[in-house]
Amino acid sequence: MSDENFPGFADDDKPKKKATAPPPPGPSRPAPAPQKPAAAPAPAAPAPPAPSYEFEESAPAPKRKAPALPPPADAPSDKTPATFNQALPERAAPSSPAPVEGEDPDVKPGSRRDLWACPHCGTGNKPDRTTCRKCGKHPDDEIEKQWYQKAPILGGIVGGVVVLILLIVFVSGTDLALKPADAAHIDAKIRTGGSPTGGHDGFTAKKRLAVCGRCIGTNQHAMMPGAWTVVLLLGNRSDDAANEYSVNFNGERAEVTPDTGNYKVLHLLPGDVGKVDPKKGAVISLTGDSGEMEGIGTYGEPVVWLDAFTQE
C-alpha cells in the first residue's frame, strides 16, 4: 500500500502469491549428450590488392591450357587387338662377358708380341710376371718330360717305326731299283713286286723283277735271236764261287752241279735294252717286267723283258 506522502513501489498494491512447495522428485532422466562445438567458419579469401595507378610491371597472368578438341566423327577406329598395343619391354643393355676362369684379364688383344711363353706349358704371360699364370711354375724350374719323351719309350717308338718301314718294303716289294753290279750288292734272292709297265708285243707281263748275282752259266736261244738263258748264283759273294759249279744245257733246260739250290735260272729278252751279252763269272745286275712268252720258259722259270742290264 502506498501513501501520498510515502510513495512506494507500484507493485506494492498487488496481492502477492503464496509460495508453493516443489514437486516430489520423479524418476531420473539421462542427461542430454554434450553437443559438438560448431566448426569454425573458413577464413575469408584475402581481398585483391587495390589497383595501383603508378607505372609498375605487374606479374604475368598464368597461361591456361586450351581445352582438348573432340576427335573427328569420321576418324577410323583402332581395330588392333589390345595385346598388340601393349608397350614392349625395354631390352637390357648387353653386358660385357665375364672373364674366363684361368685367363689373365690383363692379356689383351694386340699384346701377344710382348708375352713370354712358359717353357712348361707354352702359355703366354705378361712381361712383368715371374711365374706362369696357368701352371704357376717359374721359367727356371726343371722341365718335366712327358712319358713319350723319355729315352726308353722314344727309342721303342723309333724302333717300331723302322720295323714297320722294313715290313712294308718287304711285303710290297718296292725295292726294285737297279743295284751296282759288284760283289757287295749280290742279292740273297730275286726281288719281285709292283705293277709291270706292260705294252710288250707277244709278252704277258705280270710283275716287276730286279736281281743282282754272279753268272755261272749262259746259253743263247737258237729260235729267238738276242734271247739268253742265264744262271745266277745268289747269296755267295766269293769271287771264286763260279769255279765251284758246272752248268750243262739241254736245250733251254739248265742242269747245275752241285745242286745247292742257291741259284736262279732266268730267260732274258733284250726288250728295251736292245742287245745283251752276259759273261760267265761276271756280276750281273738287271731290272725288267717278269711274265710269260709263248715258246720260252716252259719249266716255270721267270722270263724277263729287260729295261736295264749291267755287268761287272
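The legends below accompany an overview and several close-up views of a predicted model.

**Figure 1. Overview of the protein chain, which holds one helix and 10 strands.** From the N terminus on, the elements follow the order β-β-α-β-β-β-β-β-β-β-β. The protein chain has 312 residues, of which 25% count as buried, and its accessible surface comes to about 24500 Å², with 57% of that surface belonging to carbon and sulfur atoms. When contacts between residues at least 6 apart in sequence are considered, 57% of them join residues that are at least 24 apart.

**Figure 2. Surroundings of Leu-306 in strand 10, which spans residues 303-311.** Leu-306 has a relative accessibility of 0% and therefore counts as buried. Leaving aside neighbours within four places in sequence, the contacts of Leu-306 include a run of residues formed by Leu-268, Leu-269, Pro-270, Gly-271, Asp-272 and Val-273. Val-276 is also in contact with Leu-306, as are Leu-286, Thr-287 and Gly-288. Of these partners, Asp-272 lies 34 residues from Leu-306 along the chain, yet the C-alpha atoms of the two residues are separated by 6.0 Å.

**Figure 3. Surroundings of Asp-289 in strand 9, which spans residues 283-293.** Asp-289 counts as buried because its relative accessibility is 1%, under the limit of 20%. The side chain of Asp-289 is joined to that of Thr-197 by a polar contact of 2.5 Å. Residues up to four places away in sequence not being counted, Asp-289 touches Pro-196, Thr-197 and Gly-198, together with His-200, Phe-203, Ala-205, Lys-207 and Arg-208. Val-303, Val-304 and Trp-305 are further residues that Asp-289 touches.

**Figure 4. The salt bridge between Asp-307 and Arg-208, whose closest N and O atoms are 2.6 Å apart.** Asp-307 belongs to strand 10 and Arg-208 to strand 4 (residues 203-220), so that the pair ties together parts of the chain 99 residues apart in sequence. The two partners fall into separate classes of accessibility, since Asp-307, at 30%, counts as partly exposed, whereas Arg-208, with a relative accessible area of 14%, is buried. Arg-208 is also among the residues touched by Asp-289, the subject of the preceding view.

**Figure 5. Arg-214 and its surroundings, with the salt bridge to Asp-239 and the contact with Ala-242.** Arg-214 forms a salt bridge with Asp-239, in which the closest N and O atoms are 3.2 Å apart. This pair links distant parts of the chain, with Arg-214 in strand 4 and Asp-239 in the loop between strand 5 and strand 6, 25 residues apart. Arg-214 is buried, its relative accessible area being 4%, while Asp-239 counts as exposed at 58% relative accessibility. Ala-242 is found in the loop between strand 5 (228-233) and strand 6 (246-250), and a relative accessibility of 8% places Ala-242 among the buried residues. Apart from residues up to four places away in sequence, Ala-242 touches Arg-214, Cys-215, Ile-216 and Gly-281. The C-alpha atoms of Ala-242 and Gly-217, which are 25 residues apart along the chain, are separated by 8.6 Å.

**Figure 6. The salt bridge between the side chains of Asp-277 and Lys-279, at 3.0 Å from N to O.** Both partners are partly exposed, Asp-277 with a relative accessibility of 35% and Lys-279 with a relative accessible area of 44%. Elsewhere in the model, salt bridges that share partners join Lys-179, Asp-187 and Arg-191 into one network. The count of salt bridges comes to seven, among them the pair of Asp-277 and Lys-279 shown here.

**Figure 7. A nonpolar patch on the surface, formed by Ile-157, Val-161 and Ile-165.** Together these residues have about 250 Å² of accessible area. Ile-157 is found in helix 1, which covers residues 151-172. With a relative accessibility of 41%, which lies between the limits of 20% and 50%, Ile-157 counts as partly exposed.

Methods. Residues numbered from 1 in each chain as written. Predicted model: local features only at pLDDT ≥ 70, side-chain atom pairs only at ≥ 80, totals over all residues. Heavy atoms only, no water. Helix = DSSP H or I, 4+ residues; strand = E, 2+ residues; numbered from the N terminus. Buried < 20%, exposed > 50% of the residue type's maximum accessible area, 1.4 Å probe, protein only. Contact = heavy atoms within 4.5 Å. Polar contact = N/O pair within 3.5 Å; in protein donor to acceptor, adjacent residues only side chain to side chain. Areas by Shrake-Rupley, 256 points an atom, 1.4 Å probe, with all protein chains shown as cover. Patch = residues over 30% accessible without salt bridge, like charges linked within 9 Å, V, L, I, M, F, W, Y side chains within 5 Å. Salt bridge = Lys/Arg side-chain N within 4 Å of Asp/Glu carboxyl O.
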